[in-house]
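Hi,

Here is the structure I promised to pass on, with some notes on what turned up in it. Have a look at the sequence and the model first, then read on.

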Amino acid sequence: MRPVRVYYNKVGKLKYISHLDINRVMLRMIRKAHINVWFTEGFNQHPYINFALPLSLGFESTSEAVDMRINDDMTDDEILKRLSEVAPDGMEITSVCLPVKKFSEIAFADFNITIRGEYADKLNEFLAKPEILVDKKTKKGGVKQIDLKEKIVKYNVSKADGNTKLDITLPAGTQENINPNLILNAFCDDLSVESIVRTTIYDSEMKIFA
């Protein structure tokens, strides 16, 4: 038995598929591809797969990852080929490799956001504020006030074809996760957002996660 990590894109219509449904899709793909994955032990046995970061509904991503354990000597190239043959539209299997870091080491993520309309100047002014206070739900169901300004690692605002582009790096992981919608809603609660794409994930030292 050996561990493997599968990287894939989740784009297009798949952005409307929930994380739970993506889990089911991946399990069906594994069965169709005849990949001999390891099953958990105990009374309720099931194929072991572990996803890196749940993706919010409506978001796209070019940096998704899932871990599994393989019971035979199937090569990474063969796994990539078989999964690619059964993957639905919008899910491109980009690579298969040996895991290096644990998913718990993920700490930050890049997001590319496209907003319909020209808001670049106002958005730059908003993001330049000394503090951006918002209410955020806690894991226990409560609400606490946080300063989003101190959570932003870096950002860039630009204009493109009458739209506004925001490239931003935010905390993302088990320790802390900041949804970019918090920033967008704090800026303007009736924005027309064309797309939010998670492009790259990093560890705590801002090294690309692998």
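A polar contact here is a pair of N or O atoms within 3.5 Å, where one must be able to donate a hydrogen and the other to accept it. Keep that cut-off in mind for the aspartates below. Please also bear in mind that this is a predicted model.

First, the general layout. The protein has four helices and ten strands, and from the N terminus on they run β-α-β-β-α-β-β-α-β-β-β-β-α-β. The C-alpha trace spans about 55 × 40 × 30 Å along its principal axes. Of the 210 residues, 43% are buried. If you take the contacts between residues at least 6 apart in sequence, 73% of them join residues at least 24 apart.

Now to D67, which sits in strand β3 (residues 60-70). Its side chain and that of R5 are joined by a polar contact of 2.7 Å. D67 counts as buried because its relative accessibility is 11%, and the cut-off for buried is under 20%. Which residues does D67 touch, leaving aside its neighbours within four places in sequence? They are V4, R5, Y48, I49, N50, P99 and F103. For a sense of scale, the C-alpha atoms of D67 and S195 are separated by 27 Å, with the two positions 128 residues apart along the chain.

D147 is another aspartate you may want to look at. It belongs to strand β7 (residues 143-147). How far away is the nearest side chain of opposite charge to D147? That side chain is K149, at 7.6 Å, and D147 is buried without a salt bridge. The side chain of D147 does reach the backbone nitrogen of I132, at 2.8 Å. Not counting residues up to four places away in sequence, D147 touches P130, E131, I132 and L133.

Next, the empty space. The largest pocket holds about 400 Å³. Its lining consists of 19 residues, and P54, L55, S56, N177 and N179 are the ones that lie nearest its centre. Both β6 (133-137) and α4 (180-187) supply at least two residues of that lining.

How many cavities of 30 Å³ or more are there? The count comes to one, and the space in the largest cavity is about 40 Å³. Y8, K10, H19, I22, F51, L55 and E64 line the largest cavity. At least two of the lining residues come from β1 (2-10), and at least two from α1 (19-32). Note that L55 appears in the lining of the cavity and also among the residues nearest the centre of the largest pocket.

Finally, two backbone angles to check. D161 has a positive phi, near 55°, and is a residue other than glycine. D161 is found in the loop between β8 (154-160) and β9 (163-171), and it counts as exposed because its relative accessibility is 83%. M206 is not a glycine either, yet its phi is positive at about 60°. M206 lies in the segment after β10 (193-203) and counts as partly exposed, because its relative accessibility is 30%.

That is what I have for now.

Best wishes

Notes:
Residues numbered from 1 in each chain as written. Predicted model: local features only at pLDDT ≥ 70, side-chain atom pairs only at ≥ 80, totals over all residues. Heavy atoms only, no water. Buried < 20%, exposed > 50% of the residue type's maximum accessible area, 1.4 Å probe, protein only. Lys, Arg positive; Asp, Glu negative; His and termini not counted. Salt bridge = Lys/Arg side-chain N within 4 Å of Asp/Glu carboxyl O. Contact = heavy atoms within 4.5 Å. 1 Å grid on protein atoms, 1.4 Å probe; cavity = no way out; pocket = protein on both sides within 12 Å on 5 of 7 lines; lining within 4 Å. Points joined across faces, edges and corners; volume = space filled by probe spheres on them.
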